[in-house]
Amino acid sequence: MTDRANGLTYAEAGVDIDAGAELVERIKPLAKSTRRPGADAQLGGFGALFDLRAAGYDDPLIVSTTDGVGTKLKIAIETGLHDTVGIDLVAMCVNDLLAQGAEPLVFLDYFATGKLDVEAATKVVAGIAEGCRQAGAALAGGETAEMPGMYAGGDYDLAGFCLGAVKRDGVLPRLEAQKVGDVLIGLASSGPHSNGYSLIRRIVERSGLGWDAPCPFQSDATLAEALMTPTRIYVQSVLPLAKAGKLKGGAHITGGGLIENPPRALADGLVAVFDWSAWTPPPVFAWMQDVGGVSDEELRRTFNCGVGFMLVVAAEDAAYVLAALLESGEDAFICGQIAAA
């Protein structure tokens, strides 16, 4: 008969069930704060329910997205600045939905770590809840996985999943409507958002600056604080224009930058021609070029270069769309036009 007097426990194997339960209790009010029509954002079930009819949809198309934050998390882990990566996580998913003309409805997250730090995890989820509130999505559930041996110590990774809906006649891009002479409108980014951080960390290494050093391109922050500025969420300003039929396309400018993302929103035979003098990118980009010797081409194919989201609109609608974006608080500008390939 097996002697269990000295038997192993899950905690001795590195997984703290009590810490996981404490985290769930802490994040319940955060999830509750994201309630919206169609979802009560209550945690604890095996799955999350959503009532499309209560959200105002009868026969929509469902759109799904998933993304992460990438190596920007390394800065958060090394500096303890965990408060905003959750906003990044939501933004990367909901801005992708927006490019399809879809409204974010439900968000779920996956948090994996070597050893669960309840305080840090709570800060991360608080950021996720804030992102959901900005996007109008319900934080309906998620998964926390403590996996010693898979991740070192307090290292963690994040993944996000979002479901949205769009009326069948409202899907973007409207490729058949696009034509030469359509106008490109850019919505300003807050910085690199959540892309290119493997290169950014190499540039910081080359600079010789510590994360807590005064930021050379932003006077009111440390270098880490400036580089942790969260991704902008464009839902509240762009979605009404999409629902009103004023947009022909939209592109979320993520990895691949202004070289690879715009073609995803354009019809065959058309190209985006940018007026690179039409806007001034945030100063972080000039600093990266100066310190890292990054070429214009490399910058444009890696980063958003100051344009976090791009819209395609008819020339006759450009003034209206631009005014609406400015009224909603966006820094928006005409950044180019559509030409024949």
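This is a short walk through some aromatic rings and the charged side chains over them, in a model that is predicted.

Keep the whole structure on screen to start with: a search of it turns up eight aromatic pairs. For one of these, select phenylalanine 274 and tryptophan 279. Their ring centres are 6.4 Å apart and the planes meet at 70°, so this pair counts as edge-to-face. Switch on a surface if you like: phenylalanine 274 is buried, at 12% relative accessible area, and tryptophan 279 is buried too, at 8%.

Now keep tryptophan 279 selected and add phenylalanine 333. Here the centres lie 5.7 Å apart with the planes at 15°, so these two rings are stacked. Which parts of the chain does this pair link? Colour by secondary structure and you'll see distant ones: tryptophan 279 is in the loop between β7 (270–274) and α9 (283–292), while phenylalanine 333 belongs to strand β9 (residues 332–340), and the two are 54 residues apart. Phenylalanine 333 is buried, just like tryptophan 279.

Next, add Trp276 to the selection. Phe274, Trp276, Trp279 and Phe333 are joined into a cluster by ring pairs.

Stay on tryptophan 276 and bring up arginine 300. What sits over the tryptophan 276 ring? It's the charged end of arginine 300, 3.8 Å from the ring centre.

For the last stop, select lysine 246 and tyrosine 320. The charged end of lysine 246 sits over the tyrosine 320 ring, 5.0 Å from the centre of that ring.

Terms used:
Residues numbered from 1 in each chain as written. Predicted model: local features only at pLDDT ≥ 70, side-chain atom pairs only at ≥ 80, totals over all residues. Heavy atoms only, no water. Phe/Tyr/Trp six-rings, centres within 6.5 Å; stacked < 30°, edge-to-face > 60°. Buried < 20%, exposed > 50% of the residue type's maximum accessible area, 1.4 Å probe, protein only. Helix = DSSP H or I, 4+ residues; strand = E, 2+ residues; numbered from the N terminus. Lys NZ or Arg CZ within 6 Å of the ring centre and 35° of its normal.
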